[in-house]
Amino acid sequence: MSEAQELDQLRQQIDSLDQQIQDLINQRAQCAQQVAEVKQKYASPGELVVFYRPEREAQVLRKVMERNQGPLPDEAMARLFREIMSQCLALEEPLQVAYLGPEGTFTQQAAVKHFGHAVQCRGQVSIADVFREVESGAANYGVVPVENSTEGVVTHTLDSFFDSNLQICGEVTLRIHHHLLVKADAGPVERIYSHAQSLGQCRRWLDQNYPNVERIAVSSNAEAARRASKEANAAAIASEAAAELYQLRIQAANIEDRPDNTTRFLIIGRQATTPSGDDKTSVLVSSRNQPGALYQVLEPFHKAGISLTRIETRPARSGTWNYVFFIDFEGHRHDASIAPLIDDLRHVALDFKWLGSYPKAVL
């Protein structure tokens, strides 16, 4: 058999498999439509029907990765299924997702990574605006950054939970690569625009390569790219997506100081999430201003054998030198081991607020 004949046979096999895959995807989409019909059929009058279930999607993606036998990597296979689920969900209810904009930000990338390309993303000017969009019902969910592995916590996000009744219903992590972007005909760089967090994540590189150039913090990396596209002798630190959007050239790639630079984003919504089998819980605890206050907050976790994944401190609004602890820990509030822990926290805390239990990031 000749090379051409072998290739022809393989291509015919691929065509046949493509047809089977297409038929199965459409069958799955029909099942998704039937799920929507059943939910609406049994909903009470005036009841809000919830079509997107973060815990269900997390379970499906974990199963995809567990049963994958290659040669595609587990994450690549899960991303394919993420897009299939996104398109199927759009047949039930097109989701409106608010994110920290404008278009081209890392938060938009995180939104697409978590929800897929079928959602309708709506960029907002600030983190507070993202919260307001979801609280008002103008958006089903919001995506906000909460911490970076290099620069630490995003305080605006944590502080937004003080007065909000929104719940955390998911998380997504994104590897962050920063690039120095300039116009094609740019002259010597005199100003570098970027978000304050990104300037911090590239501090050492900037000190070595542009020590005397002015660094200007703006509302987002996409805004930095927009400004650089309009001004002479200006550059921006932003993503590859922002470079394409604003037709900028990548003058230096991957300039972040740490190669493992990662940002964690929260998915915020109005409904609670049921257990997925591998979850986190976030709470806000206000301690009394007295010796041993932090110990009293942490001791119940030690007693229950619950692992903390993050703890942050913010000034409380109740008085000078009072503090609030934002705590993430493993488990779901409906787990048998978590309910007694929450009761203990309520007893030792001046104030306690449950922020949400949600699936751990899958991708």
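The exercises below walk through a predicted model of one protein chain.

**Exercise 1. Describe the chain as a whole: which elements does the chain have, and what box do its C-alpha atoms fill?**

Step 1. Count the elements: there are 12 helices and 15 strands in the chain.
Step 2. Take the extent along the principal axes: the C-alpha atoms fill a box of roughly 85 × 65 × 40 Å.
Step 3. Turn to burial: of the 363 residues in the chain, 47% are buried.
Step 4. Consider contacts between residues at least 6 apart in sequence: 76% of these join residues at least 24 apart.

**Exercise 2. Work out the order of the 5 strands in the open sheet that includes S8, and find its edge strands.**

Step 1. Write the order: the strands run S8-S7-S9-S6-S10, and their pairing is mixed.
Step 2. Find the edges: S8 and strand S10 (249-252) each pair on one side only.
Step 3. Add the twist, which averages 35° from one strand to the next.
Step 4. Look at one pair: strand S6 (residues 179-182) is antiparallel to S10, with 3 bridges between them. Leu180 has Ala252 of S10 opposite.
Step 5. Place the helix: H9 (residues 221-230) packs on this sheet and touches S6, strand S7 (191-195), S8 and strand S9 (234-238). The direction of H9 makes about 155° with that of S9.

**Exercise 3. Is Arg215 buried, partly exposed or exposed, and which residues does Arg215 contact?**

Step 1. Locate the residue: Arg215 lies in strand S8 (residues 214-218).
Step 2. Classify it: the relative accessible area of Arg215 is 31%. Buried means under 20% and exposed means over 50%, so a value in between counts as partly exposed. Arg215 is therefore partly exposed.
Step 3. List its contacts, leaving aside neighbours within four places in sequence: they are Ile192, Leu199, Arg203, Leu206, Asp207 and Tyr210.
Step 4. Pick out the polar contact: the side chains of Arg215 and Asp207 make one at 2.6 Å.
Step 5. Look farther off: Gln30 is 185 residues from Arg215 along the chain, and their C-alpha atoms are separated by 53 Å.

**Exercise 4. Describe how helix H2 meets helix H3, then decide whether Glu55 is buried or exposed.**

Step 1. Set out the geometry: the axes of H2 (residues 54-67) and H3 (residues 74-92) come within 9 Å and cross at roughly 145°. The crossing of H2 past H3 is right-handed.
Step 2. Name residues in the contact: H2 contributes Glu57, Val60, Leu61, Val64, Met65 and Arg67, while those of H3 include Met77, Phe81 and Leu89.
Step 3. Sort the contact by class: it has 9 nonpolar, no polar and 5 charged residues.
Step 4. Turn to Glu55, which also belongs to helix H2. Its relative accessibility is 4%. The limit for buried is under 20%, so Glu55 counts as buried.
Step 5. List what Glu55 touches, not counting residues up to four places away in sequence: Thr273, Thr274, Pro275, Ser276 and Pro359.

**Exercise 5. Explain why S13 and S15 each have one side without a neighbour in their sheet.**

Step 1. Write the order: this open sheet of 4 strands runs S13-S14-S12-S15, with antiparallel pairing.
Step 2. Apply it: strand S13 (308-315) and strand S15 (351-359) are at the edges and have a single partner strand each, so one side of each is left without a neighbour in the sheet.
Step 3. Add the angle: neighbouring strands are turned by 15° against each other on average, direction ignored.

Definitions and conventions: Residues numbered from 1 in each chain as written. Predicted model: local features only at pLDDT ≥ 70, side-chain atom pairs only at ≥ 80, totals over all residues. Heavy atoms only, no water. Helix = DSSP H or I, 4+ residues; strand = E, 2+ residues; numbered from the N terminus. Buried < 20%, exposed > 50% of the residue type's maximum accessible area, 1.4 Å probe, protein only. Contact = heavy atoms within 4.5 Å. Polar contact = N/O pair within 3.5 Å; in protein donor to acceptor, adjacent residues only side chain to side chain. Pairing = 2+ DSSP bridges. Axes fitted to C-alpha atoms, helices over the stretch in contact; angles between N-to-C directions. Left-handed = near helix turned anticlockwise from the far one by under 90°. Nonpolar A, V, L, I, M, F, W, Y, C, P; charged D, E, K, R; others polar.
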